[in-house]
Amino acid sequence: MERLRAGNGEFLAAAFMSVFITSMVILIIAVMQINFSMNNLSKAIVSSSRAVAVCATKTNAEKLSLEVAPASIENQNISDIKVALEYADSNCNKWVTGNQVIITVSAYVKTMSPFLSGERSIVHMVTIEDSDELVGNGNAEKIWNYLLSHGITPAGVAGILGNMANESSTNLDPTLLEERAVRRTRITGQMYTQMVDSGEISRAEVISSSRFGLYSGGRYGYGIVQFTDPTIKEYLCRYTIDKGKSIGDLKGQLDSLMAYLQQYEPALLNTLKYIQDVEAASIAFLTQYEKPADIEREKGKRASAALLYYQQLLK
């Protein structure tokens with residue numbers, strides 16, 4: 001009997017140790033599964049955040065994020081993936097450039113342990129980088145807010161505005177056609193805009209037109225910075241008519257300007273992101289981007305206009 005009791009004790013101890021070791025192994029594997037799943041959710045939210053940031057509307061952002069998140073996950077233990085978007089500030093509940101949204105990716109995570117299985121989520125804040133709606137009252141304020149949201153200093157923005165005011169008139173008209181082209185063709189800027197939007201004037205003719213051209217290669221100015229060079233006009237088309245927008249769309253023209261600067265004038269763009277002197281910013285944009293025929297004559301009036309914008313819009 002004593003031998004039997006001793007054997008039973010050893011058996012119970014062995015059984016206990018076996019259960020304990022098995023439970024620990026299951027727990028360790030379950031924790032590893034959770035960590036792996038959370039890494040997958042992190043990848044999903046990074047991909048979704050990138051997609052959301054460049055969407056033009058909240059509806060598009062929600063739709064695209066629901067497509068991107070599942071595609072980023074390679075884990076059979078993850079199911080029922082959900083994505084939710086909400087504005088970070090309830091007082092700024094409009095899908096406009098510069099506003100922030102909170103994106104939440106959640107999913108059911110299955111593990112070897114039923115006690116650790118369940119819904120997991122990860123949260124990330126995103127700044128809207130692209131929106132079809134500009135913020136501000138009037139074109140000057142809209143341009144100011146847009147360029148500030150892209151990292152350009154107030155002095156840099158004022159310098160750009162001072163040049164724009166001398167290129168596209170003081171009301172910063174994005175449909176302005178160069179005056180000599182208007183005289184030559186009797187087609188106004190608004191008429192030209194409608195003809196391009198309707199397809200009467202082709203994309204190729206926008207970029208290089210003997211009909212409107214005033215300089216070599218059929219060049220002529222149009223829009224807020226009087227887009228003239230064929231490469232610059234190519235960018236203008238990409239961000240306006242190629243996207244189904246009017247060629248006179250202010251947001252599209254600003255997008256094309258930023259894209260061109262990033263590709264062809266990165267040094268100028270970097271300067272505008274750090275510069276603190278309004279006059280220096282105006283001259284930098286004049287000499288490195290606009291490049292008119294009489295630069296010296298233009299410096300003073302563009303710098304004066306830039307300073308006025310700086311005083312009016314800096315809040």
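**Exercise 1. The largest pocket**

Which helices each supply at least two residues of the lining of the largest pocket? Determine this for the predicted model, and characterise the pocket further.

*Solution.*
Step 1. The helices in question are α4, α5 (179–185), α11 and α12 (295–313).
Step 2. Among the contributions to this lining, that of α12 is the largest share, at 4 residues.
Step 3. The volume of the largest pocket is about 850 Å³. Its lining comprises 28 residues, of which Glu-167, Thr-228, Glu-290, Lys-291 and Pro-292 are the closest to the centre.

**Exercise 2. Two residues and their burial**

Explain why Asn-163 and Glu-205 count as buried, and list their contacts.

*Solution.*
Step 1. The cut-off for burial is under 20% relative accessible area.
Step 2. Asn-163 is placed in helix α4 (residues 154–167). It counts as buried because its relative accessibility is 0%.
Step 3. With neighbours within four places in sequence left aside, Asn-163 is in contact with Ser-282, Phe-285, Leu-286, Glu-290 and Arg-302. In addition, a polar atom of the Asn-163 side chain lies 2.9 Å from the backbone oxygen of Gly-159.
Step 4. Asn-163 and Ile-224 are separated by 61 residues in sequence, while their C-alpha atoms are 9.3 Å apart in space.
Step 5. Glu-205 belongs to helix α7. Its relative accessibility is 19%, so Glu-205 also counts as buried.
Step 6. Under the exclusion of neighbours within four places in sequence, the contacts of Glu-205 are Glu-200, Arg-211, Phe-212 and Tyr-220.

**Exercise 3. The environment of helix α8**

Identify the buried residues of helix α8 and the helices against which they pack.

*Solution.*
Step 1. Helix α8 spans residues 230–238, and its buried residues are Ile-232, Lys-233, Tyr-235, Leu-236 and Cys-237.
Step 2. These buried residues pack against α7 (203–207), α9 (250–264) and α11 (278–290).
Step 3. At the start of α8, a side-chain oxygen of Asp-229 comes to within 2.9 Å of the backbone nitrogen of Thr-231.

**Exercise 4. Nonpolar cores**

Which residues touch the most other members of the largest nonpolar core?

*Solution.*
Step 1. The largest nonpolar core has 53 residues, and those touching the most other members are Leu-161, Met-164, Tyr-192 and Tyr-289.
Step 2. Not counting residues up to four places away in sequence, Tyr-289 touches Val-225, Phe-227, Ile-232, Leu-257, Tyr-260, Leu-261, Leu-268 and Ala-284.
Step 3. There is also a second, separate core of 22 residues, whose members include Val-52, Ile-73, Trp-95 and Ile-103.

**Exercise 5. Strand pairing around β2**

How many bridges join strand β2 to β3, and how do these strands run? Establish also the pairing of β1 with β2.

*Solution.*
Step 1. Strand β2 covers residues 100–109, and 7 of its 10 residues are buried.
Step 2. Strand β1 (residues 78–87) runs antiparallel to β2 and is joined to β2 by 8 bridges. Within this pair, Leu-85 stands opposite Ile-103 of β2.
Step 3. Strand β3 (residues 118–127) is likewise antiparallel to β2, with 10 bridges between them. Here Val-109 has Gly-118 of β3 as its bridge partner.

**Exercise 6. The enclosed space**

Which residues line the largest cavity?

*Solution.*
Step 1. The structure holds 1 cavity of 30 Å³ or more.
Step 2. About 40 Å³ of space is contained in the largest cavity.
Step 3. The lining consists of Thr-97, Glu-133, Leu-134, Val-135, Lys-142, Asn-145, Tyr-146 and Ser-149.

How values were computed: Residues numbered from 1 in each chain as written. Predicted model: local features only at pLDDT ≥ 70, side-chain atom pairs only at ≥ 80, totals over all residues. Heavy atoms only, no water. Buried < 20%, exposed > 50% of the residue type's maximum accessible area, 1.4 Å probe, protein only. Contact = heavy atoms within 4.5 Å. Polar contact = N/O pair within 3.5 Å; in protein donor to acceptor, adjacent residues only side chain to side chain. Pairing = 2+ DSSP bridges. Core = buried A, V, L, I, M, F, W, Y, C linked by side-chain atoms within 4.5 Å. 1 Å grid on protein atoms, 1.4 Å probe; cavity = no way out; pocket = protein on both sides within 12 Å on 5 of 7 lines; lining within 4 Å. Points joined across faces, edges and corners; volume = space filled by probe spheres on them.
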